[in-house]
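Welcome, and please load the structure in your viewer. We will take a short walk through the empty spaces inside and along it.

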Amino acid sequence: MEKQDISRAARTMRSLMRENRYKEVIKLAESLNLNRINNGLLILDIVEAYEKLGKKKEAKDTLLNYYDVHGITGRNMMQKLIELCIETRDIANAVGLCMEFENEWPESSISYLMRYQITSSAGGNLEEQIHYLEKYKEAEFEERWAYELAKLYDKNNQREKSAELCHEIICFFGHGKYVEKAARLKEKLTGLTDDEVNVLENAARRAEENRRQREEERVRREEEARREEEARRVEEARR
């Protein structure tokens, strides 16, 4: 395939992706010899299109083939490939790629999260899963994975640790889906303290106020647009 043909295909795919025409992206991709294409952005467009269509295995196979033929030098692309391997339960490839990721980017804390996901997907023991999420939490305190760790503590009969972590999640983040889940878990384990209830109630009030303000802004903009349209029609009628 000539370079200009690849460039033309890449431009077409990007245009189709902007319009959410994922089936057409895949149809075009399947007409190409992807082994001849050394364009990571183009491959990622194809991978994303497969994912949007719920075709995780095809997305993984496309990116894995690109890795086998051309190699991957970017951290985000390698991380994406590992995630797809985990999601499709290709554990052997996920483990090997994760080791390569750790060798290439030893300072990245995301490797702990990927190790946890691999171990969890493979049905590894709780202690190992807890270890990886604890190491990840030391570097990145994110409500989703902190809540997963709290659940693992509870499942491993470490209920005091689970309750303490739920308290951290509630007080640090204040509101959101995982805060609500942490609150329910904490309530089951030890009950909620007055301080935790206050944090949740205050956060709920702020969230409602933000929602109300967004709604008022939406209504205001719609009204402005309506008035502008009316003014335009009046002006056209006068001509």
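What follows is a tour of a cavity and a pocket in this predicted model.

**Stop 1: the cavity**

How many cavities of 30 Å³ or more does a search of the whole structure find? There is one, and the space in this largest cavity comes to about 40 Å³.

To see its walls, select Leu133, Tyr136, Lys137, Glu140, Phe141, Glu142, Trp145 and Ala146, which line the cavity. Now colour two helices, α8 (126-139) and α9 (143-155): each gives at least two residues to this lining. Which of the elements supplies the largest share of the lining? That is α8, with three residues.

Try colouring the lining by class as well. You will find five nonpolar residues and three charged ones, with no polar residue in the lining of the largest cavity.

**Stop 2: the largest pocket**

Next, move to the largest pocket, where about 180 Å³ of space lies. Select Gln79, Glu83, Ile86, Glu87, Ile110, Leu113, Met114, Gln117, Arg144 and Trp145 to show the residues that line the pocket. Two or more of the lining residues come from each of α5 (75-87), α7 (110-121) and α9.

What classes of residue make up this lining? Five residues are nonpolar, two are polar and three are charged.

**Stop 3: Trp145**

Finish by selecting Trp145 on its own. Trp145 is one of the residues lining the largest cavity, and Trp145 is also among those lining the largest pocket.

Key. Residues are numbered from 1 along each chain as its sequence is written. This is a predicted model: local features need pLDDT of at least 70, side-chain atom pairs count only at pLDDT 80 or more; totals for chains, interfaces and linings use all residues. Side-chain values use heavy atoms; hydrogens and water are left out. On a 1 Å grid over the protein atoms alone, a cavity is a set of points where a 1.4 Å probe fits but cannot get out, and a pocket is an open set with protein on both sides within 12 Å along at least five of seven lines; lining residues have an atom within 4 Å of a point. Grid points are joined across faces, edges and corners, and a volume is the space filled by probe spheres set on the points. Helices (H or I, at least four residues) and strands (E, at least two) are DSSP runs, numbered from the N terminus. Ala, Val, Leu, Ile, Met, Phe, Trp, Tyr, Cys and Pro count as nonpolar, Asp, Glu, Lys and Arg as charged, and the others, Gly among them, as polar.
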